[in-house]
Amino acid sequence: RVLRTSMELGGNAPFLVFSDADIDAAIEGALTAKLRNIGEACTAANRFLVHKSVHAEFSRKLTDRMAEKVLGPGTDEESDLGPLISEKERDKVHALVTEAQAAGAQIKTGGAVPNREGWYYQPTVLDGLSEDSPILHQEIFGPVAPIITFTDDAEAIRLANNTEMGLVAYAYTRDTARTLFLAEKLDVGMVGINTGIVSNPAAPFGGVKQSGIGREGGFEGIGEYLETKYVGLPVAQTGA
């Protein structure tokens, strides 16, 4: 008997913001995609790819909103973000930010370990990164949003696909033709258009490349629990 299963192995999700995007909507989507579960989610936005024409506005507004977030325990009604899972993970996140800053990235907000009990990390926005920055090529798993710019759709696709992972991508655009283009060209298992969340029990969940194999949820996920039986009959017996 062969055991069939689906396996999800993480992601390095790009969040694309095109020149025609509703920037305020994109900011809301970015906060949802980045800060869900404090950024410790396989579907968390990991790289923010922003068209040069809207980069300044997006960076400023995202910085302002991230800076407003209040750290604290989930039992505190005033808290927006809780601690990371462990000291090791908190230190890894800080090391990635420190490395990016040393390589020329600008810290727009955050970038430090708060002086308080618990494995908290300040909500952070990084700007001015180069495309080969290590923080863009691995899962951050924390409340850090690195921003890189692009000039046209072709460059956006190239940057988005420049990873061995392929779980999910997010994109903000009002262009229907571009939406169809992105759905075809992005090397991911799931695409969210003008939304910061894609998880849906009625839809198949899973990735491509090194982000796993198989699907959970939706009609496709049911197949993981079924056994297929093939019955072969001689041609003569079928009456053909």
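These legends accompany close-up views of a predicted model.

**Figure 1. The whole chain, to get our bearings.** Before zooming in, here is the protein chain in full, with seven helices and nine strands. Along its principal axes, the C-alpha trace spans about 80 × 40 × 35 Å. The chain has 240 residues, and 44% of them count as buried. Taking the contacts with a separation of 6 or more, 65% come from residues 24 or more positions apart.

**Figure 2. Helix α1 and what covers it.** Helix α1 runs over residues 23–35, a stretch of 13 residues. Does its length come out as expected, or what should it span? At 1.5 Å a residue the helix should span 18 Å, and its end C-alpha atoms are 18 Å apart, so the two values agree. Residues I23, A26, I27, G29, A30, L31, A33, K34 and L35 of α1 are buried. If you look around these buried residues, the elements covering them include strands β2 (13–17) and β3 (45–51), helix α2 (52–68), and strands β6 (144–150) and β7 (168–172).

**Figure 3. The two ends of α1.** At the N-terminal end, D22 acts as a cap: one of its side-chain oxygens lies 3.2 Å from the backbone nitrogen of D24. Beyond the other end, α1 is followed by N37, whose phi is positive, near 55°. Next comes I38, which is not a glycine and yet has a positive phi of about 65°. I38 sits in the loop between α1 and β3. With a relative accessibility of 16%, I38 falls under the 20% cut-off and therefore counts as buried.

**Figure 4. H51 in strand β3.** This view centres on H51, a residue of strand β3. Its relative accessible area is 15%, so H51 is buried. Which backbone atom lies 3.0 Å from a polar atom of the H51 side chain? The partner is the backbone oxygen of T151. Setting aside neighbours within four places in sequence, H51 is in contact with V17, F18 and S19, and also with F150, T151 and D152.

**Figure 5. The largest cavity and its lining.** The structure holds four cavities of 30 Å³ or more, and the largest cavity, shown here, has a volume of about 60 Å³. Which residues line the largest cavity? They are R47, L49, E131, L136, H137, I148, L159 and N162. Sorted by class, this lining has four nonpolar residues, two polar ones and two charged ones. As a reminder for this kind of view, rolling a probe the size of a water molecule over the atoms shows where empty space is left.

**Figure 6. F141, in a loop before β6.** F141 belongs to the loop between β5 (124–127) and β6. Its phi is near 55°, a positive value in a residue other than glycine. Is F141 buried or exposed? The answer lies in between: at a relative accessible area of 27%, F141 is partly exposed, because buried means under 20% and exposed over 50%.

**Figure 7. A103, in the loop after α3.** Our last stop is A103, placed in the loop between α3 (87–102) and β4 (106–109). The relative accessibility of A103 is 66%, so this alanine counts as exposed. The view also takes in Q210, which is 107 residues from A103 along the chain. The C-alpha atoms of A103 and Q210 are separated by 27 Å.

Terms used:
Residues numbered from 1 in each chain as written. Predicted model: local features only at pLDDT ≥ 70, side-chain atom pairs only at ≥ 80, totals over all residues. Heavy atoms only, no water. Helix = DSSP H or I, 4+ residues; strand = E, 2+ residues; numbered from the N terminus. Expected span 1.5 Å × (residues − 1). Buried < 20%, exposed > 50% of the residue type's maximum accessible area, 1.4 Å probe, protein only. Contact = heavy atoms within 4.5 Å. Polar contact = N/O pair within 3.5 Å; in protein donor to acceptor, adjacent residues only side chain to side chain. 1 Å grid on protein atoms, 1.4 Å probe; cavity = no way out; pocket = protein on both sides within 12 Å on 5 of 7 lines; lining within 4 Å. Points joined across faces, edges and corners; volume = space filled by probe spheres on them. Nonpolar A, V, L, I, M, F, W, Y, C, P; charged D, E, K, R; others polar.
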